[in-house]
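Here is a short set of exercises to work through with the model open beside you. Try each task before you read its solution.

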Amino acid sequence: SLSLQIIFYEDRNFQGRHYECSSDCADLQSYFSRCNSIRIDSDFWVLYERPNYMGYQYVLNRGEYPEYQRWMGYNDTIRSCQTYPYNKSSSYKMRVYERPDFGGQMMEFMDDCPSVYDCFHYHDIHSCQVMDGYWIFYEHPHYMGRQYFLRPNEYKRFGDWGAGYPTIGSFRRVRDF
């Protein structure tokens, strides 16, 4: 039997209509109209503001989120979701590049970076290669602003991770906090 993994609630503090989900779903619209609180039992989830894994992204660990501000939500809209198992190897490696197609200055990271400019001396990341682990890019320093989830892959330009522009302020590893 599948263990329950995430419960979406229409109202704050786990009230109102709810929907229990245990696998990826490209369109949640028929199950609830708004989402104001969430409980997560296992692993972690990437939630999206729009169907088909589009729009704002939110990366959530196991835990309780009694209102959408707790997951840095911009609004109470969640329309699709994907689950990922934790990175069991606990090794992380990513290369970021100043230019598209892995051009210009490159820097390799194995740890969190609270300020891209302080670490990398560039304001923009135009491409990156994730070798190990899952990562989150944030629009602003100190893990604030829009989030972009990255799994092991080659990202030749910033649109490949869902961004409309290359400015990344910080990034960190997705861990079981």
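**Exercise 1. The two domains**

How many residues of domain 1 are in contact with residues of domain 2, and how many of domain 2 with domain 1?

*Solution.* Keep in mind that this is a predicted model. Start with the bounds: the domain assignment gives domain 1 as 6-84 and domain 2 as 93-173. Next, take the centres, which lie 25 Å apart when computed from the C-alpha atoms. Finally, count the contacts, taking heavy atoms within 4.5 Å as the cut-off. The result is 11 residues of domain 1 in contact with 14 residues of domain 2.

**Exercise 2. The annotated spans**

Find which residues the UniProt entry assigns to the "Beta/gamma crystallin 'Greek key'" domain, then describe the spans 43-85 and 92-132.

*Solution.* Begin with the record: the unreviewed UniProt entry places this annotation on residues 4-42, 43-85, 92-132 and 133-175. Now take residues 43-85, whose end C-alpha atoms are 5 Å apart. This span is 51% strand and 0% helix. Then turn to residues 92-132, where the end C-alpha atoms lie 5 Å apart. Here the content is 49% strand and 12% helix.

**Exercise 3. The largest pocket**

Work out which residues are closest to the centre of the largest pocket, and which elements contribute to its lining.

*Solution.* First, the volume: the largest pocket holds about 330 Å³ of space. Its lining has 20 residues, and those closest to the centre are Tyr-48, Gln-57, Phe-149, Asp-160 and Trp-161. Strands E5 (54-60), E7 (80-84), E12 (144-150) and E13 (153-155) are the elements that each give two or more residues to this lining. Sorting the lining residues by class yields 10 nonpolar, 6 polar and 4 charged. As a last step, check the domains: domain 1 (6-84) and domain 2 (93-173) each supply at least three residues to the lining of the largest pocket.

**Exercise 4. The second largest pocket**

Why does the second largest pocket count as lying between the domains?

*Solution.* Start again with the volume, about 230 Å³ for the second largest pocket. Of its 13 lining residues, Val-59, Leu-60, Tyr-65, Tyr-138 and Arg-172 are closest to the centre. Two elements give two or more residues to this lining, namely E5 and strand E11 (135-140). The lining of the second largest pocket is made up of 9 nonpolar, 2 polar and 2 charged residues. Now for the reasoning: both domain 1 (6-84) and domain 2 (93-173) give residues to this lining, so the pocket lies between them.

**Exercise 5. A strand residue at the largest pocket**

Is Tyr-48 buried or exposed? List its contacts beyond its sequence neighbours too.

*Solution.* Locate Tyr-48 in strand E4, residues 44-50. The cut-off for buried is under 20% relative accessible area. Tyr-48 has 6% relative accessibility, so Tyr-48 counts as buried. Setting aside neighbours within four places in sequence, the residues in contact with Tyr-48 include Tyr-53, Tyr-56, Gln-57, Ile-78, Arg-79 and Cys-81. For a distance check, the C-alpha atoms of Tyr-48 and Ala-26 are 9.3 Å apart, with their positions 22 residues apart in sequence.

**Exercise 6. Two residues of one loop**

Determine whether Asn-36 and Gln-29 are buried or partly exposed.

*Solution.* Find the loop between strand E2 (15-21) and strand E3 (37-40), where Asn-36 lies. Gln-29 is also in the loop between E2 and E3. Asn-36 is buried because its relative accessibility is 11%, whereas Gln-29, at 42%, counts as partly exposed. Then compare contacts, leaving out residues up to four places away in sequence. Among the partners of Asn-36 are Tyr-9, Arg-12, Tyr-65, Tyr-68, Trp-71 and Asp-76, while Gln-29 touches Pro-51 and Arg-79. The C-alpha atoms of Gln-29 and Thr-77 are 9.5 Å apart, though the two residues are 48 apart along the chain.

**Exercise 7. Positive phi**

What is the sign of phi in Asn-13 and in Met-72?

*Solution.* Asn-13 has a positive phi of about 55° although it is not a glycine. Asn-13 sits in the loop between strand E1 (6-11) and E2, and is partly exposed at 45% relative accessibility. Met-72, also not a glycine, has a positive phi near 60°. Met-72 belongs to the loop between strand E6 (63-65) and E7, and its relative accessible area of 31% makes it partly exposed.

Key: Residues are numbered from 1 along each chain as its sequence is written. This is a predicted model: local features need pLDDT of at least 70, side-chain atom pairs count only at pLDDT 80 or more; totals for chains, interfaces and linings use all residues. Side-chain values use heavy atoms; hydrogens and water are left out. Helices (H or I, at least four residues) and strands (E, at least two) are DSSP runs, numbered from the N terminus. Buried means under 20% relative accessible area, exposed over 50%, partly exposed in between (1.4 Å probe, protein chains only). UniProt positions are given in the numbering used here, feature names are shortened, and annotations may be inferred rather than shown by experiment. On a 1 Å grid over the protein atoms alone, a cavity is a set of points where a 1.4 Å probe fits but cannot get out, and a pocket is an open set with protein on both sides within 12 Å along at least five of seven lines; lining residues have an atom within 4 Å of a point. Grid points are joined across faces, edges and corners, and a volume is the space filled by probe spheres set on the points. Ala, Val, Leu, Ile, Met, Phe, Trp, Tyr, Cys and Pro count as nonpolar, Asp, Glu, Lys and Arg as charged, and the others, Gly among them, as polar. Domain bounds come from an automatic or database domain assignment.
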